[in-house]
Every structure is written in structure tokens, then in C-alpha cells.
Amino acid sequence: MADTDFKTAFKANVFEWLNVDCATPEDFADDEPLFGEKSRLGLDSLDAVELVVMLQRHYGVPQKDFENKKELFKNIETLADYVQNHATKGL
Amino acid sequence: MTIWCVIPVFNHAGTLADVVRRAREHLPVLVVDDGSTDWTPELQETLKSLDAHVIRHQRNEGKGAAILTALREADAAGVDYIVTLDADGQHYPEELPKFIDAIEMLQQETLLVGCREFGPGIPKSSCFGRSFANFWFRLESGAKCGDCQSGFRAYPVKATLRLECAGRRYSFEAEVLARASWGGVAIHDIPIKVHYPKDRISHFDKLKDNLRLTAIHSRLVTRRLIPWPAKWVLSTPRPKPQIIKMLRHPWQTIKELFSENATPCELAWSAVVATLLGVAPIFGFHIAAILYVTTRFKLNPPFALALQNIYAPPLSPLLCIELGYYMQHGEFLTTLSFQSSVAELHLRFLDWLLGSLILAPLFSVIVGTAVYFIARFVQRPKEADTALLSSSRGPKAGLLFFSILLKCTGIHIATACVWPISFFYALFDRTAAKRARPTLDVLHPNQSAFMRFLHRWRLFTRQGQAILVLHYLSDAGHTLPVVNDIHPDAAPFLNEKGKGCVALNSHFGCWQAELFRSNEIKRPLLFLAHPDAKPQLDKFQAVRGEGIAKISTADANAGGLLEVMSHLNQGGMAGLMGDRVMDGNSIETAFSARTLKLPPAPWLLAARTHTPVIIFLTALQCHPLALVYHVAKPIWPADSEKRLKSEELAPYAKEYARVITEFSNRFPDQWFKFEE
């Protein structure tokens with residue numbers, strides 16, 4: 001499990017990069033869905049591309065890791081968990 | 001509106017009082033006793049106490065006579081409608097309000113028929129009898145009625161009295177429907193329940209009444225064939241035939257004629273009529289006879305006329321003559337001389353007549369059945385068409401025709417054959433014409449209607465040919481001459497491995513051929529496509545070979561974009577559609593008189609992976625037949641350290657729109673597929 005400090009910083013990074021304006025990192029729960037119709041953020045496939053670009057550039061997580069891994073994009077929790085374990089920089 | 005309930009009764013003393021009591025709760029009741037033998041003074045008293053009016057026939061005259069008596073009585077009392085129901089208790093008087101409500105709503109004089117809801121427990125013979133009666137009525141009037149045998153009806157009093165019905169018994173109910181329909185009275189169904197008690201007594205005489213019905217139906221059908229208008233019974237005048245409208249809009253009229261009465265059943269009956277008359281020895285009168293009969297019976301005259309061509313001489317008369325000759329002489333007529341063909345012409349006519357008596361019914365059964373099933377097949381609800389040539393217009397039969405033509409004649413003749421076929425599309429397919437109009441107006445401004453038609457024809461032909469070429473190329477081993485028009489900067493990306501690039505395709509010209517073009521590009525290609533296009537692409541993959549081409553569909557993770565990005569990062573070539581938005585995001589740009597919505601994804605991926613976008617365009621050149629491959633100058637979208645916004649990608653999409661515009665000006669006859 002990713003620790004709370006990392007999650008908070010990670011979430012802020014994601015929100016800033018994607019220019020999310022319909023929610024703030026504070027009131028967006030870590031287990032809320034990121035993509036799909038149920039999500040408050042309503043992220044789409046282009047956002048996914050941008051998110052992966054950011055994770056590679058900022059945390060050094062190889063982009064290939066996210067191919068065919070839908071479950072990683074479920075929420076902040078799953079994503080932060082994976083990134084903290086596989087990041088080579090930016091921690 | 002004044003309405004009475006009429007109960008004709010013959011020997012139903014047991015159930016009558018109950019029916020009258022229940023009916024009286026809704027309407028004034030008139031009981032017509034048709035000479036019952038079980039009539040008692042007590043019954044008379046009961047009816048009186050129920051406040052029912054009673055008329056008695058001295059002897060049994062039939063149900064029709066009883067209803068006519070009631071109609072005359074009602075007319076004298078100024079009643080507008082009578083609702084009849086049977087005295088044996090099979091009808092529910094509680095359903096009278098349905099009729100009352102319906103009558104109040106009527107705009108014109110209408111005969112309402114209670115259509116029995118047949119459930120379990122209904123005798124089989126009743127079901128059959130009903131379908132049979134409905135069929136006769138349909139034949140006689142051309143109108144439809146759900147239950148011609150039902151006795152629960154509402155008659156418009158004045159109009160019904162004006163009809164001259166001959167039947168006085170059960171046949172009256174069949175006859176009055178047909179005559180009312182001829183006379184202009186509308187006929188509507190009202191769904192009703194029925195009750196068939198086990199000990200129900202019916203006075204329907206299976207032999208006598210069936211004979212009467214047969215007689216009356218024969219009379220009615222014969223009457224229908226006589227071209228003299230039936231008596232008009234409405235107070236409003238008979239509508240004039242719309243000859244002037246027909247003459248002013250001949251095409252509209254023909255279209256209506258074809259689409260009217262075109263259910264599988266009606267087409268099958270039209271085919272039967274065409275066969276019976278087409279085979280008959282009425283040389284010179286076939287067309288007139290078929291037109292006449294199909295019109296009178298409200299079938300489909302143009303279809304019947306088209307079909308009767310298969311019985312055109314000499315084959316059909318010859319068959320009949322041979323058969324007729326064989327029937328008389330026990331051998332076939334083999335000598336064809338002046339003697340046998342001209343001098344004995346009257347004998348040959350006899351042979352023809354005899355032969356046709358056998359062959360016409362035989363053929364009509366075969367052809368009628370075939371037409372029925374073909375029509376049912378053709379008219380079945382359309383399923384989503386995901387076949388190889390999903391972008392094609394027109395039916396599957398057309399595709400089959402062309403694939404056979406391709407095999408037999410080769411690509412050149414097959415493409416030439418598209419011209420006459422697309423002529424009809426250009427002439428008659430209004431939807432396609434409407435869709436092509438804006439593009440054609442930009443390419444060829446200020447044209448006369450005739451020139452617009454020519455341009456449209458050419459455009460449709462090219463589209464058809466493009467589909468044909470794709471079909472041709474999708475068979476392994478088939479190739480077409482190629483005219484290459486490749487920008488020098490783009491050339492290295494086509495041939496050298498390790499140079500990642502986005503290959504941008506468009507729905508322009510012979511775009512699917514683009515896929516086969518990649519046969520020549522010996523480098524790994526990942527093609528991202530809409531899931532619906534998967535079957536089409538699988539075929540392409542089969543031609544190109546597994547391992548070289550990979551197909552990802554937009555329903556994969558993140559719309560397949562991550563897979564594409566990974567592929568680009570590894571120096572691969574990724575094929576994307578430049579003019580189809582698969583996600584909500586789009587960049588709007590002007591193209592050829594309309595706004596085009598373009599997806600930002602190709603530009604974003606190229607920017608993020610530092611690869612160029614290479615635009616592929618394909619056109620079909622016809623003289624000589626060849627594919628023109630245009631590869632434009634690579635476009636390098638700029639990367640950013642921030643999130644790339646749509647506005648930043650828009651200039652590249654606009655550049656792409658400019659490239660297609662330029663290419664479509666060079667090949668103005670190529671189709672651009674704007675909509676799915």
C-alpha cells in the first residue's frame with residue numbers, strides 16, 4: 001500500500017497535469033473511479049495517454065507497464081500504489 | 001349520437017334474459033326474435049320488465065333479416081348506430097361502452113367489428129373459419145378486417161340500409177362487410193373477449209350455411225371484377241380519382257404503386273395472378289388482363305407485370321402446346337412445319353389451352369411460394385452489416401453479382417459495369433444525392449441540374465468501383481497498377497525499420513485499398529480501428545500475414561491508444577484514422593462546405609512520441625485503371641512539458657484538412673465518406 005504522504009502528493013500532481021477543474025485533490029477520494037461514466041472527473045482516452053506520459057516523465061515508470069493494465073487506472077489508490085513501487089525518480 | 005343495442009335471437013331463451021339485462025345497463029335494447037320456437041309469455045314479460053323493446057318475426061327468416069328489421073326500426077326512430085350482439089351469451093355486454101366510445105369519436109360513417117381475441121379453449125374450426133372469411137373479405141374489398149365472422153358489430157343505420165344485400169341468413173354478415181367497404185364505409189376493428197360455453201347452441205348449419213357463404217363469396221368476387229362502381233352509400237360524395245395528380249407526378253405514382261400492397265402475401269398473390277394469366281392462351285391481352293385483375297384485387301400490378309415477362313413467348317406457349325398435344329395424342333409434337341404451325345393454328349390454340357390448364361396452376365403454386373419466401377427474406381429486418389464491404393450501398397445480392405462478375409470477367413470489365421448500375425443510384429437515391437450535394441457544389445459550383453446529375457453519377461460510380469477494387473484486392477494474389485506520388489521526406493518512413501510514425505488514413509477515395517498498399521511497406525504496422533471494422537481488418541490481416549500487421553480496436557484499454565503509443569515508442573508504424581472521432585474529443589475544421597470533426601489523438605500521440613504524422617491518401621484512377629497513392633510531407637507536432645491542449649493540436653489537424661482538400665481538388669470524382 002502506498003503511504004498517505006505519497007498519495008497526497010501524487011494526487012496533486014495528477015490533478016495539476018491533467019488540469020482537472022471539476023474537483024479538487026482534497027475532496028476527491030482515493031477510491032473514487034478516475035475513468036468511465038461513473039467518474040466525477042470524466043477522464044477519457046486522451047487523458048489516459050497524458051497520464052501515462054506524465055508518469056513516465058515525472059516518476060520514470062516505463063510507459064509500456066500500463067499497456068493492457070486497465071485495473072491500474074481504477075482509482076488514485078491503485079495507481080499510486082503501482083507508481084510508488086516502480087518509480088525510479090520523483091519520489 | 002343515438003345508439004341502440006340490437007339482439008337478434010333464435011331459440012336462445014335460456015340465455016337471452018341475462019344478455020338483455022346486462023346490455024340494458026349501457027344502451028336501449030331492441031330484441032328481434034327471428035321466429036323462435038321456444039318463445040314463452042314469461043320470457044316476453046321478463047323482457048318487458050327489463051325495459052327491452054321486442055319485435056317478432058312470424059317465421060324464421062335468418063339472422064340477416066333480423067338485423068335488417070332492426071335497422072329499419074332504428075331508422076324510423078332516428079337512431080344513428082345499432083350495436084348487434086349475439087343472444088347465446090358468447091359476447092360480453094359489458095364491452096358495449098367500448099363501442100359507444102368508439103362511435104362518439106368517429107368522423108365518418110364506419111362499421112365497427114368486434115375482433116375476437118382467440119385464446120386457449122377456442123374451437124380450431126372457429127380459428128380456421130375466421131382466417132378463411134378474412135381472406136375472402138380481403139379479396140373482395142381490398143380492405144382489412146380482423147374478424148369478419150364476428151356478430152358483435154356497430155352498424156351505421158342509414159348507410160347500411162342503403163346497401164343492397166341479398167343474403168338474409170349468416171351470409172348477410174359477410175356480404176354487408178364487402179358492400180359497405182365498396183360503398184365508402186370505413187371498417188374498423190374493436191378487440192373483444194368471447195365466451196364459448198361447453199353447451200353452446202349454434203344455429204349455423206354446417207352444410208347449408210357453408211354453401212350459402214360459398215355462393216355469396218363467389219358472387220362478391222365476380223362483382224368485384226366488373227368495372228362498374230358499386231353503390232356509394234355515404235352522404236359525402238365519392239372521391240374523384242386523382243388522375244391529374246398522377247399525371248403531374250408520374251414518378252411519385254410509380255413509386256407508390258410499387259410500394260403499395262407489397263407484403264410477402266400480396267406479392268405472392270400478385271405472382272399467382274401473373275402466372276395464371278401469363279400462361280393462359282390470351283395472346284395479346286396478357287398485360288391488360290393482369291393489370292386489371294391485380295388492380296381490382298388491390299394487389300401489386302407493377303410487380304405482376306414485371307413477373308409475367310418470364311412467361312413471354314416462345315418458351316411458355318411452347319411448353320403448353322407440347323403438353324396439350326401430348327395429352328391428346330400420347331406423343332410430343334416434333335414436326336414443326338407450315339402445316340403444323342399455321343394451317344393447324346386452331347388446333348395449336350386448343351393444345352395451348354389444354355396445356356395451360358395444367359401448367360398455369362402448377363407454375364402459380366411454385367412461383368407464388370417462391371415469391372412469398374423471397375419477399376419474406378428480402379423484407380426481413382435489417383441486421384447490422386459488418387461484412388467486408390460494409391461501406392457499400394445496395395443489397396447483398398448486388399455484391400454477390402459483382403463478385404461473380406469479377407471472377408468471370410476480371411477487374412476491368414467489372415468496374416465498367418458499375419456505370420449503368422450507379423446511373424440508377426444517381427437518378428433515384430435521393431438520400432445519397434442529398435449527402436453528396438454540398439461536396440459537389442463546392443467542387444463544381446453553379447451547375448445545371450443535368451450537369452449536377454452527371455457529376456453525381458461519376459461520383460457514385462467511383463465509389464462503387466472503389467468498393468469493387470477493395471473486394472478484388474482482398475483476394476490474395478490480386479494487384480493493380482500503382483501510381484506513386486510520395487513526398488521525398490516521407491519515403492524513408494515507408495521503408496526503413498525503426499523510424500516510428502503515425503500513418504494517417506482517411507475515408508477518401510479508395511481508402512480501404514490503402515490497407516493493402518501496406519503490403520509493400522515491409523515494416524510492422526499496428527492498425528487502430530473501430531471495433532465494427534474488425535471483420536474487415538481481419539481479412540486484410542489474413543492477406544498481409546500475421547506478425548506484420550496487428551490490429552487494435554478502440555474498445556481496448558484507453559481506446560487502444562496506449563498500445564499505439566508503445567508501438568510508436570519502439571519505432572513502429574501505427575495506422576490511425578484521421579477523420580473519425582472515436583472519443584468525445586474533437587477539433588473542428590472547415591472542409592469542402594462543411595465542418596469536419598477531427599480527432600486530436602493522432603497528433604497528441606505523434607507529439608508525445610516525437611514521431612511524424614504521415615498522411616496517406618488513395619484515389620482510383622480509371623484510364624488506365626490504377627491506384628494513385630499520395631503520401632504527403634510528414635508533419636511533426638511539437639511536444640510540450642505541459643499537458644497538450646486541443647488548441648495546440650488544432651493547427652496540425654487543419655493542415656491535414658488542407659491536404660485532403662488539395663487532393664480532392666485533384667481527384668474531384670472521388671468519394672469522401674463523411675458519415676458512418
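Which residue of β16(B) does B:L617 stand opposite? The partner is B:H630. This is a predicted model, and the pair is a good place to enter it.

Start with the two strands involved. Strand β15 of chain B covers residues 613-622. Strand β16 of chain B covers residues 625-631. The two pair in the antiparallel sense, over 7 bridges. A hairpin of 2 residues joins β15(B) to β16(B).

β15(B) has another partner. Strand β9 of chain B, residues 501-505, runs parallel to β15(B), and 3 bridges join them. Here B:A503 stands opposite B:I614 of β15(B).

How many of the 10 residues of β15(B) are buried? The count is 9, so the strand is largely enclosed by the rest of the structure. Buried here means under 20% relative accessible area.

Now turn to the interface. On chain B, 26 residues are in contact with 21 residues of chain A. Interface size is often given as the accessible area lost when the parts come together. For chain B and chain A, the buried area is about 2000 Å². Carbon and sulfur atoms give 53% of that area.

Charged and polar pairs also cross between the chains. There are 4 salt bridges between chain B and chain A. One of them links B:R643 with A:D47, with the closest N and O atoms 2.6 Å apart. Residue pairs in polar contact number 8, both residues being at pLDDT 80 or more.

Which elements of chain B give two or more residues to this side? They are α24 (561-569) and α25 (601-609). The largest share, 6 residues, comes from α24(B). By class, the chain B side has 9 nonpolar, 8 polar and 9 charged residues.

Definitions and conventions: Residues are numbered from 1 along each chain as its sequence is written. Chains are lettered from A and ligands numbered from 1 in the order in which they are written. This is a predicted model: local features need pLDDT of at least 70, side-chain atom pairs count only at pLDDT 80 or more; totals for chains, interfaces and linings use all residues. Side-chain values use heavy atoms; hydrogens and water are left out. Contact means heavy atoms within 4.5 Å. Buried area is the accessible area (1.4 Å probe) that two parts lose on being put together, summed over both. A salt bridge is a side-chain nitrogen of Lys or Arg within 4 Å of a carboxyl oxygen of Asp or Glu. A polar contact is a pair of N or O atoms within 3.5 Å; within protein, one must be able to donate a hydrogen and the other to accept it, and residues adjacent in sequence count only if both atoms are side-chain atoms. Helices (H or I, at least four residues) and strands (E, at least two) are DSSP runs, numbered from the N terminus. Ala, Val, Leu, Ile, Met, Phe, Trp, Tyr, Cys and Pro count as nonpolar, Asp, Glu, Lys and Arg as charged, and the others, Gly among them, as polar. Buried means under 20% relative accessible area, exposed over 50%, partly exposed in between (1.4 Å probe, protein chains only). Two strands pair if DSSP finds at least two bridges between them.
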